[in-house]
Amino acid sequence: MDSHFLMRRIHSLTGVVPVGLFLVYHLYLQLYLHSGAETYNTAVNSFYDSPLAIWTLVIVVYIPLFFHAFLGVRLIFESTVQPSYTYFSHLLYWLQRISGIGVLLFILAHVWNTQFGPWISGTWGTHFEHLSSGFSDPESGIITKTVYLLGVLGAVFHFANGFNTFCMTWGIALTPKSQIRVRIFSILLFLILSASALYALSAIW
Ligand code: HEM
């Protein structure tokens with residue numbers, strides 16, 4: 001099997017399992033923002049009670065995400081105009097790449113802001129207070145809100161559109177009829193995850 005083919009498959013698979021599934025779980029957890037500081041912090045912190053939590057995160061999320069991002073950046077450099085694509089497919093092809101770069105920058109800022117920053121300053125654990133004070137800061141709040149809005153919607157778009165191309169990559173949607181079904185599913189996925197993420201953010205807006 002040629003190594004480029006294998007790399008494409010690893011890139012494709014890691015985007016859905018486990019990174020995409022983690023994104024869905026992570027967005028679901030954010031709905032607890034509406035339950036107030038204590039419930040939200042308990043929901044987030046309870047995951048870390050397990051001695052295996054950090055290892056689970058590293059093995060299930062960070063390593064696959066690193067692979068996906070690393071191979072994704074390589075694919076971005078190899079991007080070309082696709083003569084066989086329609087205007088709309090071309091637009092999605094480039095938006096997938098632009099959102100990939102945006103998601104990469106957002107994840108770096110987000111992990112720094114919610115994990116390493118609080119850990120260094122000794123305030124790790126008070127996630128709700130940290131997020132809501134960042135959002136309501138009179139000077140930088142508007143920037144934080146804009147970054148979160150673009151970052152979260154960019155990640156949801158990237159995953160939903162990526163699910164569509166994943167089904168092509170793996171031969172799940174080969175006939176025109178199945179491709180329409182998968183496209184409808186990915187649009188619904190985008191709408192449902194966006195609504196859920198916006199509703200979660202509205203709790204601290
Ligand atoms: C929340 C994090 C992410 C998720 C859930 C995710 C998910 C996905 C999925 C499901 C695909 C479709 C795979 C396929 O077409 O077979 C994909 C494609 C892609 N991803 Fe990601 N991804 C994420 C982050 C990133 C990052 C950080 C980058 C790099 C900058 C990136 C770059 C790409 C590129 C370039 C493609 C297009 C590949 C192609 O057209 O063949 N992704 N992503």
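Me: Which helix gives the largest share of the shell around the ligand?
Reply: This is a predicted model, and in it five helices, H1, H2, H4, H5 and H7, each supply at least two residues of that shell. The largest share is 8 residues, and it comes from H7.

Me: Which residues come nearest to the ligand?
Reply: There are 26 residues around the ligand to pick from. The ones that come nearest are Ser 12, Gly 15, Gly 72, Gly 100 and Gly 162.

Me: How many residues of the shell around the ligand are charged?
Reply: Let's split the shell by type: 14 of its residues are nonpolar and 11 are polar. The charged residues of the shell number just 1.

Me: Back to H7: where does H7 bend?
Reply: H7 runs over residues 141-169. Its 29 residues reach 41 Å from the first C-alpha to the last, close to the 42 Å expected at 1.5 Å a residue. Still, H7 has a bend of about 25°, and that sits at Phe 163.

Me: Which residue takes a positive phi just after H7?
Reply: H7 ends at residue 169, so to speak of what follows, look just after the helix. The phi there is about 70°, and the residue is Gly 171.

Me: What percentage of residues 52-71 is helix?
Reply: An unreviewed UniProt entry lists residues 52-71 as a transmembrane region, along with others including 12-32. Over 12-32 the chain is 81% helix and 0% strand. Over 52-71 there's 0% strand too, the end C-alpha atoms are 28 Å apart, and the helix content is 95%.

Technical notes:
Residues are numbered from 1 along each chain as its sequence is written. This is a predicted model: local features need pLDDT of at least 70, side-chain atom pairs count only at pLDDT 80 or more; totals for chains, interfaces and linings use all residues. A residue is near a molecule or strand if its C-beta atom, placed from the backbone, lies within 6 Å of it. Helices (H or I, at least four residues) and strands (E, at least two) are DSSP runs, numbered from the N terminus. Ala, Val, Leu, Ile, Met, Phe, Trp, Tyr, Cys and Pro count as nonpolar, Asp, Glu, Lys and Arg as charged, and the others, Gly among them, as polar. UniProt positions are given in the numbering used here, feature names are shortened, and annotations may be inferred rather than shown by experiment. The expected span of a helix is 1.5 Å times one less than its number of residues. The bend at a residue is the angle between axes fitted to the seven residues ending there and the seven starting there.
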